[in-house]
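Here is a friendly walk through a two-chain model, meant to be read with the structure open beside you. Take your time, and turn the view as you go.

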Amino acid sequence: MKFLPALAGAVVLALLPFALSGYHQGLAVYIAIYFIAILGLNILTGYTGQISIGHGAFMAIGGYATVIMSHDHHVNLIATLPISFAVTFACGVLVGIPALRLSGVYLALATFALAVSVPQFPLKFSKFLGGSNGLQTDHTVSHLWLYGVSWASAAILFVAGWLLLRGRIGRAFRAIRDSEVAAASSGVSLPIYKTFAFGVSAAFAGVAGSLFVLATNGFAQPNEFGILLSLKILIGAAVAGLGSLWGVALGALFIGLLPEISASVPLVGSSHGQDVAFGLIVILIMMLLPNGFAGLLARLESRFKTAIKSGT
Amino acid sequence: MVSFAKQKTAVSTGVSLPVLAGLAAGAIFLVVGSVSSDIFAQQTVAGLALGAVFGSLALALVLIYRATEVINFAQGELATATTYIAYQLTLWGLSYWLSFFLTLLIAFALGAVIQIVVIRPIQHSVIAVVIVTVGMFILIDGLVTWKWGADLKFMKAPFGNTVYHAGGVAFAQQDIGVLLVSILSVVLLWVLFQFTKLGLAMRAAALRPAAAALVGVRVNWMLAIGWGLAAVLGAVAGLMTEPTQFLQPTMMQAILLYAFAAAVLGGLESPVGAVIGGLALGVFLNLIGQYVGFATSELRLPIAFAVLLLVLLLKPNGLFGRKQVRRV
């Protein structure tokens, strides 16, 4: 019963590419990418209580890892994904260690700094990283290939995240989020679990970044990974509802589809109009649904249950 | 569900002896360098002007952080928007300084209205406020570009283009004007907070909201006024950025990042720290750009943040922040 929605989602996703045009398959790929990145951020922010505004930086690192492996060493594109996972996991742990000394707003600003700084490095070291033109993988892939690979990765990572969070480690994460002092006095090692959460979260973002590069015709460019990407992921996670896995899909749909939908509305159609609409809707959602879509789902579910109970 | 409930902690700021000694050493280094080298002196003055702008925006962030423990990510975009309003006023034929002061009034109203309409209903949740200010960032950016376009706009130079020569050193009148206006606005604000009844009420509302309410301070109004004053400081920062960067929708984005760095450097709780942090950062970036070949313009932001991270790791509450004691 509990797995029914997940199963239904998987079946729909498997059948969907046959009903979609190439363009819409491309759109669905971006939604998968946002899904993975938001999932990663949710593990860190929603479950462990460590805020990060810097996940675009990890996406950039993952994306550049994939491009460099493909461009310089001709590694198979699918094989680059686990490597990018490992590389960004290591980077996440490296960032997580100094982050142990920071919390709250200071951590938010430090990760914000990361998001701003990382895209500057390809510009400085243009010899290895291609400068503002970026680098390209040695071959590009079709929409259908991307659809399959990105949603398969999303499914694998979702299950992995779910397994991680339901067990001992997830319990430790939530204990840290709710009270660090209580967690530490119950024997949860704060340094180990916090850096581990940073690593896992960064690794998810890294895989999302690799897929992101493949989706943009195999190009990794610094301005694609600008601060706006990090903000989008944070918005997606907040709109999804922190600390819930089921809202993540809605959050990904929100940031993936909203620009597309508002582009087709007459008055809003220009690109600045889209920004205005996006900002307005984000503000409204946070005012109306402070716990995001997950909070709404939980409320609807409880109402549904009481309706059934009173009916029988 | 995570609420990120706010924990009001004891606010205490102050200077420790090593920090004071370090600052004094830095100041002596700047004076000695300026006396011995003309280029050094020039870069120092230009750095101070740049740093004063960072400082006023940083102070705006600190004002809001002290009162509500949130960071306003839209502060820079708000500054950009108010600068465009000043530009529009000069287009309608008002003189520069008349539009300057009118803009400050408009900025105050704008800041207060934003607090009342958008922030007040959700102010119990820090994460919601952060996301809303991020939403405002995107919204204001879109509005400004929609109304005025993305191309560069120019206003009349407020301080003229005169350059003074003292010995072999050239000082731009503009740099000195920017420095004076920024410092003056900071001093005026300090006077307001330190010597008026309103300032006292605002400090009380920020420090102990419940106790302040009990003695008759209208805490919600104080918060709205705080947001208004922060917007005024932002408008000053925007108008003082315009002479060197010119008007474009993205002009305050980099400045906001430096202001973040400056505010954290000084300790987010400390107004003095924000201003000194801004000045120090401005001078440091200018000097390092002049004398260190590796530090090209692409690396300015990363260097600023590397310094910031280093300071945070040594003193997690900033140079002027004291260790907070938190009750469990």
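A residue is called buried if 20 or more other C-beta atoms lie within 10 Å of its own, exposed if 12 or fewer, and partly exposed in between. Please keep in mind that this is a predicted model.

**One residue to start with**

Let us try that definition on Val93(A), which sits in helix α4 (residues 77–99) of chain A. Is Val93(A) buried, exposed or partly exposed? With 17 other C-beta atoms within 10 Å, Val93(A) is partly exposed, because that count falls between the cut-offs of 12 and 20. Setting aside neighbours within four places in sequence, Val93(A) has Thr195(A), Phe198(A) and Gly199(A) as its contacts. Gly241(A) is 148 residues from Val93(A) along the chain, and their C-alpha atoms are separated by 25 Å.

**Three helices of chain B**

The table sets the length of each helix beside the span expected for it.

| Helix | Residues | Number of residues | Expected span | Distance between end C-alpha atoms |
|---|---|---|---|---|
| α2(B) | 38–68 | 31 residues | 45 Å | 45 Å |
| α4(B) | 96–119 | 24 residues | 34 Å | 32 Å |
| α10(B) | 251–266 | 16 residues | 22 Å | 24 Å |

For α2(B), the span agrees with what 1.5 Å a residue should give. This helix is mostly covered, with 25 of its 31 residues buried. Glu69(B) follows α2(B) and has a positive phi, near 55°.

In α4(B), the end C-alpha atoms likewise agree with the expected span. The buried residues of α4(B) include Ser99(B), Thr103(B), Leu110(B), Gln115(B) and Ile119(B).

As for α10(B), 14 of its 16 residues are buried, so to speak of it as mostly covered is fair. Just after α10(B) comes Gly267(B), with a positive phi of about 95°.

**A helix pair within chain B**

How do α3(B) and α10(B) cross? The axes of α3(B) (residues 75–91) and α10(B) come within 8 Å and cross at roughly 140°. That angle makes α3(B) oblique to α10(B). The crossing of these two helices, α3(B) and α10(B), is right-handed. On the α3(B) side, the contact is made by Gln75(B), Gly76(B), Glu77(B), Ala79(B) and Thr80(B), and on the α10(B) side by Met251(B), Met252(B), Gln253(B), Ile255(B) and Leu256(B). By class, this contact has five nonpolar, four polar and one charged residues.

**Where the chains meet**

Between the chains, the contact takes 39 residues from chain A and 37 residues from chain B. On the side of chain A that touches chain B, α5 (104–117), α6 (121–124), α12 (227–240) and α14 (271–288) each supply at least two residues. Which helix gives the most to that side of chain A? The answer is α14(A), with 11 residues. The residues of this side of chain A divide into 25 nonpolar, 10 polar and four charged.

One helix pair here joins the two chains: the axes of α5(A) and α12(B) (residues 300–314) come within 9 Å and cross at roughly 155°. This makes α5(A) roughly antiparallel to α12(B), and the crossing is left-handed. From α5(A), the contact uses Tyr106(A), Ala110(A), Ala113(A), Val116(A) and Ser117(A). From α12(B) come Leu301(B), Pro302(B), Phe305(B), Leu308(B), Leu309(B) and Leu312(B). The contact of α5(A) with α12(B) has 10 nonpolar residues, one polar and no charged.

Note on methods: Residues are numbered from 1 along each chain as its sequence is written. Chains are lettered from A and ligands numbered from 1 in the order in which they are written. This is a predicted model: local features need pLDDT of at least 70, side-chain atom pairs count only at pLDDT 80 or more; totals for chains, interfaces and linings use all residues. Two residues are in contact if their C-beta atoms, placed from the backbone, lie within 7 Å. Helices (H or I, at least four residues) and strands (E, at least two) are DSSP runs, numbered from the N terminus. Ala, Val, Leu, Ile, Met, Phe, Trp, Tyr, Cys and Pro count as nonpolar, Asp, Glu, Lys and Arg as charged, and the others, Gly among them, as polar. The expected span of a helix is 1.5 Å times one less than its number of residues. Axes are lines fitted to C-alpha atoms, for helices over the stretch in contact, and angles run from 0 to 180 degrees between N-to-C directions. Angles under 35 degrees count as roughly parallel, over 145 as roughly antiparallel, 65 to 115 as roughly perpendicular and the rest as oblique. A crossing is left-handed if the near helix is turned anticlockwise from the far one by less than a right angle, and right-handed if clockwise.
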